[in-house]
Amino acid sequence: MATKIYDTLEVELQEGTVVTVKPLNIRLLRKFMDVMASMDPEASETENLDILVKACGVAIEKQAPDIANNRENLEEALDVPTMWKIIEIAGGIKMADPNLLAEAGVV
C-alpha cells in the first residue's frame with residue numbers, strides 16, 4: 001500500500017467553489033515558480049499582489065479552470081488569507097513569514 005507523503009487542504013473560495021490544495025506536480029511547480037520569480041521588491045504592492053493572484057491561478061488551474069483562467073473570476077474568488085494558504089500548500093512558500101514579505105515588498 002502506498003503512503004501519501006504530503007498534506008492536502010480543502011479550501012472554500014470566496015464565491016463558494018471548494019478546491020483541494022496539494023503540493024504542485026513538477027510541471028506546474030515550474031510554472032508557479034516562474035510567476036513567483038517575477039516578484040520585485042522595488043515594485044508596488046499592487047504589482048506584487050497581481051503576481052500572487054497569478055500564482056494562485058496556476059495552483060488551482062486543474063481543479064477550477066473557469067476561475068483560474070479568468071482574471072476577474074480569480075480576483076473575485078480570492079482573499080488574502082486564502083491566497084497565502086494556497087501559495088503555502090501548493091508551492092511550499094510560507095507567505096506569513098515577515099522576512100519574506102518584507103523582502104518581496106509586499107508589506
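In this predicted model, Lys94 and Glu88 form a salt bridge, with the closest N and O atoms 3.4 Å apart. The two partners differ in exposure class. Lys94 has a relative accessibility of 54% and therefore counts as exposed, since the class begins over 50%. Glu88, with a relative accessible area of 22%, is partly exposed.

Salt bridges that share partners also join Asp50, Arg71 and Glu75 into one network. Within this network, Asp50 pairs with Arg71, and their closest N and O atoms lie 3.0 Å apart. This pair links distant parts of the chain. Asp50 belongs to helix α2, whereas Arg71 belongs to helix α4, which spans residues 71-77. The two residues are 21 residues apart. Asp50 is partly exposed, at 33% relative accessibility. Arg71 is likewise partly exposed, at 35%.

In total, the structure holds five salt bridges. One of them joins the side chains of Glu61 and Lys31, at 3.1 Å from N to O. Glu61 lies in the loop between α2 and α3 (65-68), and Lys31 lies in helix α1, so this pair ties together parts that are 30 residues apart in sequence. Glu61 has a relative accessible area of 16%. That value is under 20%, so Glu61 is classed as buried. Lys31, at 39% relative accessibility, counts as partly exposed.

Helix α2 also contains Asn48. The helix covers residues 45-60. Asn48 has 0% relative accessibility and therefore counts as buried. Its side chain reaches the backbone oxygen of Asp40 at a distance of 3.0 Å. Helix α2 thus holds both the buried Asn48 and the partly exposed Asp50.

Charge also gathers on the surface. Lys4, Lys22, Arg27 and Lys62 make up a patch of positive charge there. Among them, Lys22 sits in the loop between β2 (18-21) and α1 (26-36). Lys22 is partly exposed, because its relative accessibility is 42%, a value between the 20% and 50% limits. Residues of such a patch take part in no salt bridge. Lys31, by contrast, is in helix α1 and has its side chain paired with that of Glu61.

Note on methods: Residues numbered from 1 in each chain as written. Predicted model: local features only at pLDDT ≥ 70, side-chain atom pairs only at ≥ 80, totals over all residues. Heavy atoms only, no water. Helix = DSSP H or I, 4+ residues; strand = E, 2+ residues; numbered from the N terminus. Buried < 20%, exposed > 50% of the residue type's maximum accessible area, 1.4 Å probe, protein only. Polar contact = N/O pair within 3.5 Å; in protein donor to acceptor, adjacent residues only side chain to side chain. Patch = residues over 30% accessible without salt bridge, like charges linked within 9 Å, V, L, I, M, F, W, Y side chains within 5 Å. Areas by Shrake-Rupley, 256 points an atom, 1.4 Å probe, with all protein chains shown as cover. Salt bridge = Lys/Arg side-chain N within 4 Å of Asp/Glu carboxyl O. Lys, Arg positive; Asp, Glu negative; His and termini not counted. Charge placed at Lys NZ, Arg CZ, Asp CG, Glu CD.
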